[in-house]
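Thanks, everyone; I would like to walk through one structure this morning, going from one helix to a few single residues. Please have a look at it before I go on.

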Amino acid sequence: MFAVNDLLALGMMQALIDGGVRIPEDIALVGYDDIEFGESSLIPLTSVRGRHEEFGSTVVDVLFDVIAGEPIDPIHRVFEPELVIRASSAGRPA
């Protein structure tokens with residue numbers, strides 16, 4: 001299962017465990033945003049870590065260019081996420 005964020009994944013994890021589902025033996029669980037609580041949960045949560053710092057600095061650079069009145073060409077940037085594998089998925093814990 002993939003959750004749109006780690007908090008939702010942790011809630012899903014609790015509900016699945018309460019329902020007798022074994023993680024990751026019966027189902028793998030992955031969240032998104034790699035919050036601290038995910039790493040330290042009962043079953044450490046596999047998560048997708050975004051490049052928030054890189055994204056933020058790029059936005060600020062573009063904003064300063066706009067404020068300075070510089071012409072802005074269409075910008076296309078790719079911020080590659082990172083899969084942080086932990087015990088909630090079938091992969092090896094990090």
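Since I will use the word throughout, a residue is called buried when its relative accessible area is under 20%, exposed when that value is over 50%, and partly exposed in between. Please also keep in mind that what you see is a predicted model.

Let me begin with helix α1, which runs over residues 6-18, so to speak our starting point, and which spans 18 Å from its first C-alpha to its last, close to the 18 Å expected for its 13 residues. Which residues of α1 are buried? They are Asp 6, Ala 9, Leu 10, Met 12, Met 13 and Leu 16, and, looking down the helix axis, these buried residues fall within an arc of 160°, so they line one face of α1. On the face turned away from that buried side we find the exposed residues Leu 7, Ala 15 and Asp 18. The buried residues of α1 are covered by, among others, β1 (30-32), α2 (36-39) and β2 (46-49).

The two ends of this helix deserve a word as well. At its start, a side-chain oxygen of Asn 5 comes to within 3.2 Å of the backbone nitrogen of Leu 7, while just after α1 there is Gly 20, with a positive phi of about 90°.

Several residues of α1 return in the largest nonpolar core, which has 10 residues in all: Ala 3, Ala 9, Leu 10, Met 12, Met 13, Leu 16, Ile 23, Leu 29, Ile 43 and Leu 45. Taking Met 12 from this set, and setting aside its neighbours within four places in sequence, its contacts are Met 1, Ala 3 and Leu 29.

I now turn to two serines and a threonine. Ser 41, in the loop between α2 and β2, has a relative accessible area of 16% and is therefore buried. Its side chain reaches the backbone oxygen of Gly 38 at 3.1 Å, and, not counting residues up to four places away in sequence, Ser 41 touches Leu 10 and Met 13.

Ser 88, in the segment after β3 (82-84), counts as buried because its relative accessibility is 0%. What does the side chain of Ser 88 reach at 2.8 Å? It is the backbone nitrogen of Thr 46. Beyond four places in sequence, the contacts of Ser 88 include Met 13, Ile 23, Leu 29, Ile 43 and Leu 45.

Thr 46 itself lies in strand β2 and, with a relative accessible area of 2%, is buried. Leaving out residues up to four places away in sequence, Thr 46 touches, among others, Leu 29, Val 30, Gly 31, Leu 83, Val 84 and Ser 88. By contrast, the C-alpha atoms of Thr 46 and Val 62, which are 16 residues apart along the chain, are separated by 33 Å.

Finally, the aromatic rings: a search of the whole structure finds one aromatic pair. Phe 55 and Phe 79 form this pair, edge-to-face, with 5.4 Å from centre to centre and 80° between the planes. The pair links distant parts of the chain, since Phe 55 sits in helix α3 (residues 52-67) and Phe 79 in the loop between α3 and β3, 24 residues apart. Phe 55, at 47% relative accessibility, counts as partly exposed, and Phe 79, at 24%, also counts as partly exposed.

How values were computed
Residues numbered from 1 in each chain as written. Predicted model: local features only at pLDDT ≥ 70, side-chain atom pairs only at ≥ 80, totals over all residues. Heavy atoms only, no water. Helix = DSSP H or I, 4+ residues; strand = E, 2+ residues; numbered from the N terminus. Expected span 1.5 Å × (residues − 1). Buried < 20%, exposed > 50% of the residue type's maximum accessible area, 1.4 Å probe, protein only. Arc of directions from axis to C-beta. Contact = heavy atoms within 4.5 Å. Polar contact = N/O pair within 3.5 Å; in protein donor to acceptor, adjacent residues only side chain to side chain. Core = buried A, V, L, I, M, F, W, Y, C linked by side-chain atoms within 4.5 Å. Phe/Tyr/Trp six-rings, centres within 6.5 Å; stacked < 30°, edge-to-face > 60°.
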